[in-house]
Amino acid sequence: MTKKLSKKQQDQLDQDQANSAAAISRACRPVPVELVESRTLIRQPCTVCGGCTERVRVVAEARNLDHELIVRVCEDCLRHDDIDGRLENTAFFMEANAKYVRGLKGRLVLPTYAQWEKRNDELEAEFVREQEKSVRDGDTSLPF
Ligand SMILES: [Zn+2]
């Protein structure tokens, strides 16, 4: 026996189906990627290969109307033809990595932040003492 939906439930179902249809339509449209002048000379993540751009003046990006990044393609991916193969490879490793990361849930036995901070401070102080000693001893091989 089929239960009849209320008007509100039917409206919600219709809206969900319309949203799904719109999402599928959007998903099938081409995504034009354009060359954009980079405002900073920093390495930026590549959506296609999971790597990064070099510090370049131009990046290949697609953004939506709200200027949110949809995709960035590094120059190495542009150099190679098999973009879909690279996308599939990245998706495969992301899925495998997601399984690995989920597998760590509830298993990590961690130092506390205070322990990390204390050890980091000890090593920083040791580094500074070594640098100061080198300066006192006249070591001219230091990079600064
Ligand atoms: Zn890439």
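**Helices, a three-stranded sheet and a few exposed residues**

Asp82 sits in the loop that links helix H2 (75–79) to H3. This is a predicted model, and in it Asp82 comes out as exposed because just 10 C-beta neighbours fall inside 10 Å, where the cut-off for that label is 12 or fewer. Between Asp82 and Leu35 the C-alpha to C-alpha distance is 19 Å, with 47 residues separating the pair in sequence.

On from that loop comes helix H3, which covers residues 83–103. A quick check on its geometry works out: 21 residues at 1.5 Å a residue should span 30 Å, and the end C-alpha atoms are indeed 30 Å apart, so expectation and model agree. As for packing, H3 is hardly covered, with a buried count of one among its 21 residues. Confidence within the protein chain is highest in H3, at a mean of 97, and lowest in helix H1 (residues 7–28), at 77. Taken over the protein chain, the pLDDT averages 90, and 92% of the residues reach at least 70.

Then there is the sheet. It is open and built from three strands in the order E1-E2-E3, with antiparallel pairing. Strand E1 (34–37) and strand E3 (69–73) hold the edge positions; each has a single partner strand, so one side of each lacks a neighbour in the sheet. From one strand to the next, the twist averages 45°. In general, strands of a sheet pair through backbone hydrogen bonds, and the pairing can be parallel or antiparallel. Strand E2 (residues 58–63) and E3 run antiparallel and are joined by four bridges. For Ala60, the bridge partner in E3 is Val73.

The loop between E2 and E3 holds His67, whose backbone is a bit of an oddity. Most residues other than glycine have a negative phi. His67 is not a glycine, yet its phi is positive, at about 65°. His67 is also exposed, because the count of other C-beta atoms within 10 Å is 6, against a limit of 12 or fewer for that class.

Finally, helix H4 (residues 113–136) includes Ala114. With 8 C-beta neighbours inside 10 Å, Ala114 counts as exposed too. Measuring from C-alpha to C-alpha puts Ala114 and Val101 24 Å apart in space, for a sequence separation of 13 residues.

How values were computed
Residues numbered from 1 in each chain as written. Predicted model: local features only at pLDDT ≥ 70, side-chain atom pairs only at ≥ 80, totals over all residues. Helix = DSSP H or I, 4+ residues; strand = E, 2+ residues; numbered from the N terminus. Expected span 1.5 Å × (residues − 1). Buried ≥ 20, exposed ≤ 12 C-beta atoms within 10 Å, placed from the backbone. pLDDT = per-residue confidence, 0-100. Pairing = 2+ DSSP bridges. Axes fitted to C-alpha atoms, helices over the stretch in contact; angles between N-to-C directions.
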